[in-house]
Structure formats: structure tokens, C-alpha cells
Amino acid sequence: MVKKMAQFQTLTGKRETVNPKLTALKVELAHVEDEIEKLLNTLTGTSAVLISYANTKIEELDAQRQTLSKESAGLSAESMSPEQIERLSVYLNRWEEIDFDDRRLVADSLISQIRAKGECVAIEWKI
């Protein structure tokens, strides 16, 4: 984490503003998640054919949800306020001293996804 942030020592934030694109992405993401939930709720006691169609639709919606989440994470990172950046910098400068909960807070702010396959770990950063 500290090494990654070292690349962004000149990182600056914007004053807190409403980002309409981020808001629209969050609304669309909530809509997709609602659709997935509705589909899952209707699957109880249905036929195998209907389940097959529902699985296909859920896979499409899940791919759309993942895309929206990535876009949203990117826009969220771009709209970090100077206060958030300062707080993260303080945590990262004292990384060895801070507790687990503070480390998790920093990780949540900077990482959108971690994928582990076998001995390979891929981190998708928000910055």
C-alpha cells in the first residue's frame, strides 16, 4: 500500500462536489442489483428451463454490475477530497503503527478488487 501511494505523492483532491456521472452510475448499479434480487426471488420452485433462462440473464446483469462498479470506483477515487487524501497520507506514513481497522479503512479507500488465483494475486486499484 505504501509503495503504491508513493507513486502518487503529488496526488491532489478536489473540493467536495456532486458528480452527476457518479450519481447516475450508483443509481444504475442499484437498479441492476434490484433486478438480480428480483430474479433470484422468483426462482423458488420453478422448472429447469426457466432456471436456465434466469441464469443467463443473471450472468448478463452480473457482468453489467461489475462494469458499473469499476466505473463508479474510478470516479470515486477521482473525486477524493483534499481531506481524504491527507488522512490517507497520515495513515500510510504510520502504516506499521496503525491498527487493523485503520488499515482496512485505507484499503477500502484505495482498492476496488483483489483477485487471487493459485499463486497469482491481482489488485485492482481505485487510483
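These legends walk you through a set of close-up views of one predicted protein model.

**Figure 1. The whole chain, from helices to strands.** Let's start with the overall layout: the secondary structure comes to five helices and two strands. Reading along the sequence, you meet them in the pattern α-α-α-α-α-β-β. How much of the protein is buried? Buried residues make up 22% of the 127 residues.

**Figure 2. Helix α2 and its buried side chains.** Helix α2 covers residues 20-42. Here is a friendly check you can follow yourself: at 1.5 Å a residue, the 23 residues of α2 should span 33 Å, and the end C-alpha atoms are 33 Å apart, so the two values agree. Which residues of α2 are buried? Look for Leu22, Leu25, Leu29, Val32 and Ile36. Alanine 30 is also found in helix α2, but alanine 30 counts as partly exposed because its relative accessible area is 35%, which lies between the 20% and 50% cut-offs.

**Figure 3. Two nonpolar cores.** The largest nonpolar core has seven residues in all: Leu88, Tyr91, Leu92, Trp95, Ile98, Val106 and Leu110. Helices α4 (82-93) and α5 (100-110) each supply at least two residues of this core. The largest share, three residues, comes from α4. A second, separate core has six residues, including Leu25, Leu29, Ile36 and Leu61. Why might such groups form? In soluble globular proteins, nonpolar side chains tend to be buried together. Three members of the second core, Leu25, Leu29 and Ile36, also appear among the buried residues of α2.

**Figure 4. Alanine 30 meets the neighbourhood of arginine 65.** How far apart are alanine 30 and arginine 65, in sequence and in space? They are 35 residues apart in sequence and 8.8 Å apart in space, going from C-alpha to C-alpha. Alanine 30 sits in α2, while arginine 65 lies in helix α3, which runs over residues 48-78. Arginine 65 is partly exposed, with a relative accessible area of 25%.

**Figure 5. A salt bridge within helix α3.** A search of the whole structure finds three salt bridges, and one of them joins the side chains of aspartate 62 and arginine 65, at 2.3 Å from N to O. These two residues are three apart in helix α3, which is about one turn of the helix. Is aspartate 62 buried or exposed? With a relative accessible area of 24%, aspartate 62 is partly exposed.

**Figure 6. Salt bridges at arginine 94 and in helix α5.** The side chains of glutamate 97 and arginine 94 meet in a salt bridge of 3.3 Å, N to O. Glutamate 97 counts as exposed because its relative accessible area of 61% is over 50%. Its partner, arginine 94, is partly exposed at 40%. Another salt bridge links the side chains of arginine 104 and aspartate 101, with 3.2 Å from N to O. Both of these residues lie in helix α5, three residues apart, or about one turn of the helix. Arginine 104 is partly exposed, with a relative accessible area of 44%, and aspartate 101 is partly exposed too, with 46%.

**Figure 7. A nonpolar patch on the surface.** Which residues form the nonpolar patch shown here? They are Val49, Leu50 and Tyr53, and together they have about 340 Å² of accessible area. Tyrosine 53 belongs to helix α3. Tyrosine 53 counts as exposed because its relative accessibility is 60%, and the cut-off for exposed is over 50%.

**Figure 8. The hairpin of β1 and β2.** Strand β1 covers residues 111-117 and strand β2 covers residues 120-125; the two pair in the antiparallel sense over six bridges. Two bridge pairs make good landmarks for you to find. Alanine 116 has valine 121 of β2 as its bridge partner. Glutamine 113 is matched by glutamate 124, its bridge partner in β2. How many residues lie between β1 and β2 in the hairpin? There are two residues between the strands, and glycine 118 in the turn has a positive phi of about 60 degrees. As you trace a strand, keep this rule in mind: in a regular strand the side chains alternate between the two faces of the sheet.

Note on methods: Residues are numbered from 1 along each chain as its sequence is written. This is a predicted model: local features need pLDDT of at least 70, side-chain atom pairs count only at pLDDT 80 or more; totals for chains, interfaces and linings use all residues. Side-chain values use heavy atoms; hydrogens and water are left out. A nonpolar core is a set of buried Ala, Val, Leu, Ile, Met, Phe, Trp, Tyr and Cys residues joined through side-chain atoms within 4.5 Å. Buried means under 20% relative accessible area, exposed over 50%, partly exposed in between (1.4 Å probe, protein chains only). Helices (H or I, at least four residues) and strands (E, at least two) are DSSP runs, numbered from the N terminus. Two strands pair if DSSP finds at least two bridges between them. A salt bridge is a side-chain nitrogen of Lys or Arg within 4 Å of a carboxyl oxygen of Asp or Glu. Patches are made of residues with over 30% relative accessible area and no salt bridge: like charges are joined within 9 Å, nonpolar side chains (Val, Leu, Ile, Met, Phe, Trp, Tyr) within 5 Å. Accessible areas come from the Shrake-Rupley method with a 1.4 Å probe; for residues, only the protein chains shown count as cover. The expected span of a helix is 1.5 Å times one less than its number of residues.
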